[in-house]
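Q: Please take a close look at the aromatic rings in this structure. How do they pair, and where do the paired residues sit?

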Amino acid sequence: MNKNIISLSLVIIMTLFSSIPTFAESLEGTAIEDEEPKLTFNVLSDTHIRDSSFSTNKFLAALQDIREINPTSDALIINGDMTNKGYPEEYEKVRNLLELSPTSENTYFALGNHEFHNEEGNEINIERFKKFVNEEEVYFEKRLKGYSFIFLGSESWGPVGTPTKDAAVLSEKQLKWLENTLKMRSKDKKPIFVYLHQPLPDTFGEGPMLIQHKELEKILSKYPQAILFSGHTHQDMKKPQPNMTEKKGFPVINTASTYNTTNWPDSNWDESQGLYVEVYDKKVEIKGRDFNRNQWIPETHYTIDLSSASTFSFGEQYLFPGQANIITSTFTNYGKKQIKNLEIGLNVPEGWTVKAVSKTNISQLSPGESFDIEWQLTLPSNADQGFIPLDTIASYKFEGKQHELSTKPLVRVVSTPPTANSYLSDMGWTDATNHWGPVERDQSVGDKELNDGNTLTIGGIKYEKGLGTHAISDVTYYLGGKFSTFTADIGIDDEVGNRGSVVFQVWGDGEKVYESGKVTGSDIAKNVKVDISGVNQLRLYVTDANDGRTHDHADWADAYIFK
């Protein structure tokens, strides 16, 4: 029986809250009851609105998806870089686009570094932003249904021409205001939502993005009920890096970008992502949203308990029908006090079976320690494929009081990987995106419709098997670590003549294992042979070589895996 290892981490974050009702002691067979959230809101970032249909269409598509998820959402937050260069006409366009698409009347904005990029000076750009948000400072607070939304913003851009030109600069006055506001709002015993466009060091991205990071960390670490949302890096929420970190003593969340994403595996101009947040009496649910595919992002699904701040995150979240799958839950106490009598329960859909491979309880968990549990999930051969919620309950004692956390993390059920050597075009992929039309099997990408391509042809050589794509394209297969080698002939399809230029990349479990260099329409096919021993997730990625996407019809001819 094959076991596929999937990483599921449950990080429990201890805060200073101490008041919570006692819940049922038994976890066996317990079902999680649905409840209505007290507050819902969406977080977008880095929309980069300018005089272009590209930025406009991405923004409008995100707003439409948001409305379809929940038309009565209480608020919309845009966490910086709403404009591309901070010109007055760009601000006006943001306002007009919001009016074109029905959104919450509670729409709030944080200041980003691109709001300074017109180089008209700090004073002009700061005044322009303050006028747009109708506030006296670039930092301010909004109150909604008794919850606090705090917006921080850089008070200068520059020195221009230095590595720190885009870094946030927070004055002593702003930091003092923040500390006073947090001190006052912490008495409410509710989560506090804090927004700053530039991230803290060692969270998301690299480089000096916040000058006063030590001062800000010191303040926020006193108030672990504060949740910091950061943008700027455009970090893709799906792979391979985490999108939440608690190592600063409070949760920090990546807000990605609706304009394009980076870091996986490169700048992807087709991707568009954001967050959907639900606030309950005792927890906050934060879910990543893929606006390109109109679906959830399981890798970005966190639950923060208001008494102990807990969060779920996923690594490889694939499960296979008809097999025993191993998932691992990790419970981490990063607070300042001990957790006692910790027990974790997991419920699965009808027809599935679940068995704990390791013990599910521990007598005490000290600050900074983690508790791992391996669960064996066996799915029936006819299990539904797609995104499936699980029910999870963590019960423990903190400061003598019983605590219980429940959440419904998503896993993804996909078709079982092949057992024999196979052409990729004969297999089912787990994800596929393409700039122009769908990814085609055994034919070129052709036009915008499915099955409208031609015989795959590179440099006059015809191929019966393979994938036809158009950069930027991204096709992912789950192999279960069963294959040793990937081969293909790659090139621009002859249907576009000598035009087009792309770069082919092969990725295995988040690591780039092959890059072709620039390939043009005048090049003959290039043979690829890559070691994929032990690789679970194989990803075929094609960039546009940074010179536009016109005629970028890229073929993975005879794409094949063998043991």
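A: What follows goes through the aromatic pairs, one cluster and two charges over rings. The model is a predicted one. The count of aromatic pairs comes to 22. One of them joins Y139 and W177: the ring centres lie 5.2 Å apart and the planes meet at 50 degrees, so this pair is tilted, since the tilted class takes whatever is neither under 30 degrees nor over 60. Y139 belongs to the loop between α3 (122–133) and β5 (140–144), while W177 is in helix α4 (residues 172–185); the pair thus links distant parts of the chain, 38 residues apart. Y139 has a relative accessible area of 6% and is therefore buried, because buried means under 20%. W177, at 23% relative accessibility, counts as partly exposed.

A second pair consists of F331 and Y396, with ring centres 5.7 Å apart and planes at 75 degrees, so its geometry is edge-to-face. F331 is in strand β16 (residues 324–332) and Y396 in strand β22 (residues 391–398), so the contact ties together parts that are 65 residues apart in sequence. Both F331 and Y396 are buried.

Beyond these pairs, one aromatic cluster is formed by F41, Y108, F140, F149, F151, F193, Y195 and F229.

Charged side chains also meet aromatic rings. R95 lies over the face of F132, at 4.1 Å from the ring centre. Likewise, R441 is placed over the face of W429, at 4.0 Å from the ring centre.

Technical notes. Residues numbered from 1 in each chain as written. Predicted model: local features only at pLDDT ≥ 70, side-chain atom pairs only at ≥ 80, totals over all residues. Heavy atoms only, no water. Phe/Tyr/Trp six-rings, centres within 6.5 Å; stacked < 30°, edge-to-face > 60°. Helix = DSSP H or I, 4+ residues; strand = E, 2+ residues; numbered from the N terminus. Buried < 20%, exposed > 50% of the residue type's maximum accessible area, 1.4 Å probe, protein only. Lys NZ or Arg CZ within 6 Å of the ring centre and 35° of its normal.
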